[in-house]
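Thanks for coming. I will go through one structure today, starting with a helix pair and then moving outwards.

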Amino acid sequence: MSMKKQAYVVTSSVLGTSKSSELAHYAKECLEQEGWEVIVEDVSAQPLPPVNATVLGEFADKQSMGASKVQADRIIKNLKESQLLVIATPLYNFTIPAQLKVWLDYSCRAGETFAYTAEGPKGLLGHAKALVIRAAGGDYSSEHMAPLDHAVSYLKTVLGFMGVHVLPPVKVEGTALGSVEEQMQQHKRAIAEQIAVLSKE
Ligand SMILES: Cc1cc2nc3c(=O)[nH]c(=O)nc-3n(C[C@H](O)[C@H](O)[C@H](O)COP(=O)(O)O)c2cc1C
């Protein structure tokens with residue numbers, strides 16, 4: 001059995017110039033240098049069909065071999081087998097892109113990534129940590145702006161619901177306000193340090 005650690009890197013920006021994707025790809029390079037197996041998924045380039053009655057019917061049917069069920073099974077397998085998730089998101093209208101929401105809709109499955117118990121819902125991905133990378137056109141670092149960023153808070157909620165330990169997020173602020181080159185360099189250093197720490201665990 002391979003003892004290689006596995007990371008699951010998910011990007012979601014629609015743009016090739018994406019700052020969140022750039023940092024996620026940098027994280028991938030760092031992880032590979034540290035000997036991790038890395039799975040990369042771009043939910044914008046390979047969009048999943050949004051949840052509808054047909055998709056939900058497939059999810060509810062254990063025997064289903066429907067296209068969405070097969071995709072969800074693949075995603076859940078990756079989640080179960082990965083010690084680290086890297087989730088890169090732009091801020092679109094104050095939250096995550098629709099396609100990343102769909103990926104999360106495929107990820108959350110009772111009995112697989114969370115369970116209903118007598119004490120309430122319990123996350124089943126307690127072995128995993130998540131590094132959330134978020135890029136925004138505006139600057140949400142001040143006390144009055146921070147509550148408007150529903151991307152980071154939502155990802156903390158939904159990943160926490162599945163039992164994932166969410167690491168301090170990496171936030172690129174103000175990509176529409178001027179150069180973020182200096183921020184990007186700082187973030188890259190922080191990501192490399194974080195991955196060095198995770199690799200020693
Ligand atoms: C559809 C759309 C909606 C956006 N909504 C917001 C927003 O609500 N707040 C904000 O600060 N920037 C907003 N932006 C700007 C993006 O957050 C900014 O371009 C950011 O850099 C995107 O991340 P990326 O560089 O990883 O693609 C929006 C951009 C697009 C295309």
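**A helix pair, and what is around it**

Let me start with a contact list: from α1, the residues Lys19, Leu23, Tyr26, Ala27, Cys30 and Leu31 meet Met184, His187, Lys188, Ile191, Ala192 and Ile195 of α6. By class, that contact between α1 and α6 is made of nine nonpolar residues, one polar residue and two charged ones. Before going further, please keep in mind that this is a predicted model.

Two values describe a pair of packed helices: the angle between the axes and the distance between them. Here, α1 covers residues 19-33 and α6 covers residues 181-200, and the two pack at an angle of about 35 degrees with their axes 10 Å apart. The crossing of α1 past α6 is right-handed.

Now the ligand. Which helix gives the most to the shell around the ligand? That is α1, with three residues. In total, 17 residues surround the ligand, and the closest are Ser20, Pro90, Gly137, Gly138 and Thr175. Sorted by class, the shell has eight nonpolar residues, eight polar residues and one charged residue.

Next, the chain as a whole. The protein chain has six helices and eight strands. Read from the N terminus, their order is β-α-β-α-α-β-α-β-β-β-α-β-β-α. The radius of gyration is 17 Å, close to the 17 Å that the globule rule gives for 201 residues, so the chain is as compact as a globular protein of that length. The C-alpha trace spans about 50 × 40 × 35 Å along its principal axes. Of the 201 residues, 34% count as buried. If you take the contacts in the chain with a separation of 6 or more, 76% of them are between residues 24 or more positions apart.

On to helix α4, residues 98-107. Is α4 mostly covered or mostly open? Mostly covered: seven of its ten residues are buried. Those buried residues are Gln99, Leu100, Val102, Trp103, Leu104, Tyr106 and Ser107. What they pack against is β1 (6-11), α3, β3 (84-90) and α5 (150-161).

One residue of α3 is worth a look, and that is Ala72, in the helix that runs over residues 67-81. Why does Ala72 count as buried? Because it has 24 other C-beta atoms within 10 Å, and the cut-off for buried is 20 or more. Leaving out residues up to four places away in sequence, Ala72 touches Phe59, Tyr106 and Arg109. Tyr106 has already come up, as one of the buried residues of α4. For a pair that is apart in space, take Ala72 and Val132: they are 60 residues apart along the chain, and their C-alpha atoms are separated by 21 Å.

Last, the loop between β3 and α4. Asn93 is placed in this loop, and Phe94 is found there too. Asn93 has a positive phi of about 45 degrees although it is not a glycine. Phe94, also a residue other than glycine, has a positive phi, near 75 degrees. How exposed are they? Asn93 has 9 other C-beta atoms within 10 Å, so it is exposed. Phe94 has 14 other C-beta atoms within 10 Å, so it is partly exposed.

That is the end of the tour, and I can take questions now.

Conventions. Residues numbered from 1 in each chain as written. Predicted model: local features only at pLDDT ≥ 70, side-chain atom pairs only at ≥ 80, totals over all residues. Axes fitted to C-alpha atoms, helices over the stretch in contact; angles between N-to-C directions. Helix = DSSP H or I, 4+ residues; strand = E, 2+ residues; numbered from the N terminus. Left-handed = near helix turned anticlockwise from the far one by under 90°. Contact = placed C-beta atoms within 7 Å. Nonpolar A, V, L, I, M, F, W, Y, C, P; charged D, E, K, R; others polar. Rg over C-alpha atoms; globule rule 2.2 N^0.38 Å. Buried ≥ 20, exposed ≤ 12 C-beta atoms within 10 Å, placed from the backbone. Near = placed C-beta within 6 Å.
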